[in-house]
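Opening the notebook on this one. I want to go through a few loops, some strand pairings and a pocket, one entry at a time.

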Amino acid sequence: MPSPVEIFNNDFDQSANGFYLKILILIDPSNLNNINPLFVDAGNSDYHLQAGSPCIEAGNNAAPSIPTTDKDGNPRIVNTLVDIGAYEDQLSANSYLQFSAASYTVNETSVTVTITVTRTGGSSGAVSADYATSDDTATAGSDYTAASGTRNWADGDATDKTFMVDIINDDQVEGDETLILSLGNVTGGAGLGTHRSAILTITDNDTLKNDLIVDFGAGGISAYLNNNTWTNVHTISAETLVTGNLDGNGQDDIIIDFGATYGIWVRMNNSTWVQLHTISPESVVTGDIDGNGRDDVIIDFGASYGIWVWMNNSTWVQLHTILPESMVTGDLDGNGLDEVIIDFGANYGIWIRMNNSTWVQLHTISPESMVTGDLDGNGLDDVLIDFGASDGIWVWMNNNSWVKLHSLSPDSMVTGDLDGNGQDEVVIDFGAPYGFWIRMNNSNWVPFINSANLMVTGDLDSNAQAGLVANFITCTFLIFFLLSQVKNLPAHINPYHWAHHLTEFPHRVIEPPFEQLTILNHFHEYSDFRPDKNVQKYVLVAQVECRGQYH
């Protein structure tokens, strides 16, 4: 027969389920039978005892292996008898040590944050408490520096004590993160107060920034990552470039049409080439049309095949048999599923594939071009449409109303949140003699410069920095785009002046290799940048390319 089991210092809940064994159980009189223990907040796992709890001073000190401290590190027996439960009531303590608040907040840009520990309820006797940090969603070593130590109060001392937590400012867009502050192992007869633990929130200061991919024609395709490193993507120039997160891992892939000879290939996770199809398409767009976190690839294979979708990076699904003039995607109703907006030409006009289930006509006129972007930052993508010289640019706002943006018909348009405030800007090339203009925050027109063939965006290296993918006529727009982001630009340097003088140079002036250029905080000359060319011209390019600190 098994040895009997003796149970001490419990409050039994007779309604609880469990396993029952045929073992002799000796119930010590210290146990309570189905009595409300009066926890502070059992629903939120706070099992400290309220004042007046029947578990206070109700245990048996003769129970075997009673620890010297409770779960908080406070003395296990404060008065005469041990309390029932994980936490000993500290009402008889000479004072209480606790954080000054239940929560603290610090911006990621701060070097340190000061945490205050208070002593209340008395000052007799010398007391101390240990403090420590621990991870919650923030990680020690990458978001903050772990801290631990002891704070001491002398007899008669009730002044606040502090300690510092160092904050690490990274460049990742990761949202606000939290860590836990804890007190324990009190000495000198003190107890822990209500704020024996606290939450420190580190608010994120990072916003989306630009990576850059450039198709230099005969020079091939190169990517400029994190505003500091050029890497070769491919030596062959592309017919079409688009990006999308096909496998849902948070890193955008590049879908490239290399033309009739090679077909469509995908640069997966910026590391591996995978052939998607042997046929060179008429056009390609991406969007998460089923809302599962993976971008789908919508491809127009021409009159012979129609429109097909590469769904979830696994399955081909036909979307329509009619050859489109153009296609774009965007979440027009804000439900997480991208819609496909298709111009079917003069006979049919513009139609929307809503939520991958229903066709809705948007307009009877076939446009010159279309792009999408959230111009007012409300979470619903808007559709910007160039209806040609007679009608200009109109916006289908919030999937419910038409708003005229401009009377001129542009050469090209692209959208992107250039200032990181959640509202997409519209970059428009109006062609000669007007050039590039930016519609900032759907309110102000800002002049830009010169022209480009193709612009798209994507996060290539999974660092939460959206990338600009561009196929440029000349290098001028590339240079000016980067220069426009320079901080602390010297007063005597005029970016428009530099861009103006660079218009005479062909795009090969700054084609790869770019390793010969170093990103500096000031302008610098490179007399040996391209020794086979005119040195003075390349000094100008080097000066513009050395663009200092970036947003």
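**Entry: loop residues with positive phi**

I started at Asn398, which sits in the loop between strand S33 (393–397) and strand S34 (401–406). Note to self before going on: this is a predicted model, so every value here is computed. Phi of Asn398 comes out near 55 degrees, which is positive in a residue other than glycine. I then asked whether Asn398 is buried or exposed. Its relative accessible area is 22%, so Asn398 goes down as partly exposed, since buried would need under 20%.

Asn270 went next to it in my notes. Asn270 is in the loop between strand S21 (264–268) and strand S22 (272–277). It is not a glycine either, yet its phi is positive, about 55 degrees. I have Asn270 at 21% relative accessibility, which counts as partly exposed.

**Entry: a glycine loop and a cis proline**

Gly248 belongs to the loop between strand S19 (240–244) and strand S20 (253–257). I logged a relative accessible area of 40% for Gly248, partly exposed. I also checked a pair that is separated along the chain: Gly248 and Asn313 are 65 residues apart, and their C-alpha atoms are separated by 9.5 Å.

Where is Pro433 placed? I found Pro433 in the loop between S36 and strand S37 (436–440). The peptide bond joining Ala432 and Pro433 is cis, with omega about 5 degrees.

**Entry: the four-strand sheet**

That proline loop took me to the sheet around it. I read the strand order as S35-S36-S37-S38, an open sheet of 4 strands with antiparallel pairing. Why do strand S35 (412–416) and strand S38 (444–447) each have one side without a neighbour in the sheet? They stand at the edges and each has a single partner strand, so one side of each is left without a neighbour. Direction ignored, neighbouring strands in this sheet are turned by 20 degrees against each other on average.

For the S35 edge I looked at the pairing itself. S35 and strand S36 (residues 425–429) are joined by 5 bridges in the antiparallel sense. Val414 has Val427 of S36 as its bridge partner.

**Entry: the five-strand sheet**

The other open sheet I looked up has 5 strands in the order S8-S15-S13-S10-S11, and its pairing is mixed. Its edge strands are S8 and strand S11 (148–153), each pairing on one side only. Here the twist averages 25 degrees from one strand to the next.

I spent some time on the S8 edge. Strand S8 (residues 103–107) pairs with strand S15 (residues 197–203) in the parallel sense, over 5 bridges. On the S15 side, Ile199 is the bridge partner of Ser103, and Thr201 stands opposite Thr105.

Which side chains of S8 are buried? The side chains alternate along the strand: Tyr104 and Val106 point to one face and are buried. Ser103, Thr105 and Asn107 point to the other face and are not buried. So the S8 residues I had matched with S15, Ser103 and Thr105, are on the face that is not buried.

**Entry: S12 and S9**

Strand S12 (residues 161–166) also has two unlike faces. The covered face holds Lys161, Phe163 and Val165, and the uncovered one Thr162, Met164 and Asp166. Strand S9 (residues 112–120) runs antiparallel to S12, and 6 bridges join the two. Phe163, from the covered face, is the bridge partner of Ile115.

**Entry: the second largest pocket**

Last stop. I get about 490 Å³ of space in the second largest pocket. There are 22 lining residues, and the closest to the pocket centre are His48, Leu192, Gly193, Thr194 and Arg196. Two elements give two or more residues to the lining: strand S6 (46–49) and strand S13 (177–187). S6 gives the most, with 3 residues. S13 is one I had already met, in the five-strand sheet.

How does the lining divide by residue type? I count 9 nonpolar, 8 polar and 5 charged residues. Both domain 1 (1–91) and domain 2 (96–203) contribute, with at least three lining residues from each.

Key. Residues are numbered from 1 along each chain as its sequence is written. This is a predicted model: local features need pLDDT of at least 70, side-chain atom pairs count only at pLDDT 80 or more; totals for chains, interfaces and linings use all residues. Side-chain values use heavy atoms; hydrogens and water are left out. On a 1 Å grid over the protein atoms alone, a cavity is a set of points where a 1.4 Å probe fits but cannot get out, and a pocket is an open set with protein on both sides within 12 Å along at least five of seven lines; lining residues have an atom within 4 Å of a point. Grid points are joined across faces, edges and corners, and a volume is the space filled by probe spheres set on the points. Ala, Val, Leu, Ile, Met, Phe, Trp, Tyr, Cys and Pro count as nonpolar, Asp, Glu, Lys and Arg as charged, and the others, Gly among them, as polar. Domain bounds come from an automatic or database domain assignment. Two strands pair if DSSP finds at least two bridges between them. Axes are lines fitted to C-alpha atoms, for helices over the stretch in contact, and angles run from 0 to 180 degrees between N-to-C directions. Buried means under 20% relative accessible area, exposed over 50%, partly exposed in between (1.4 Å probe, protein chains only).
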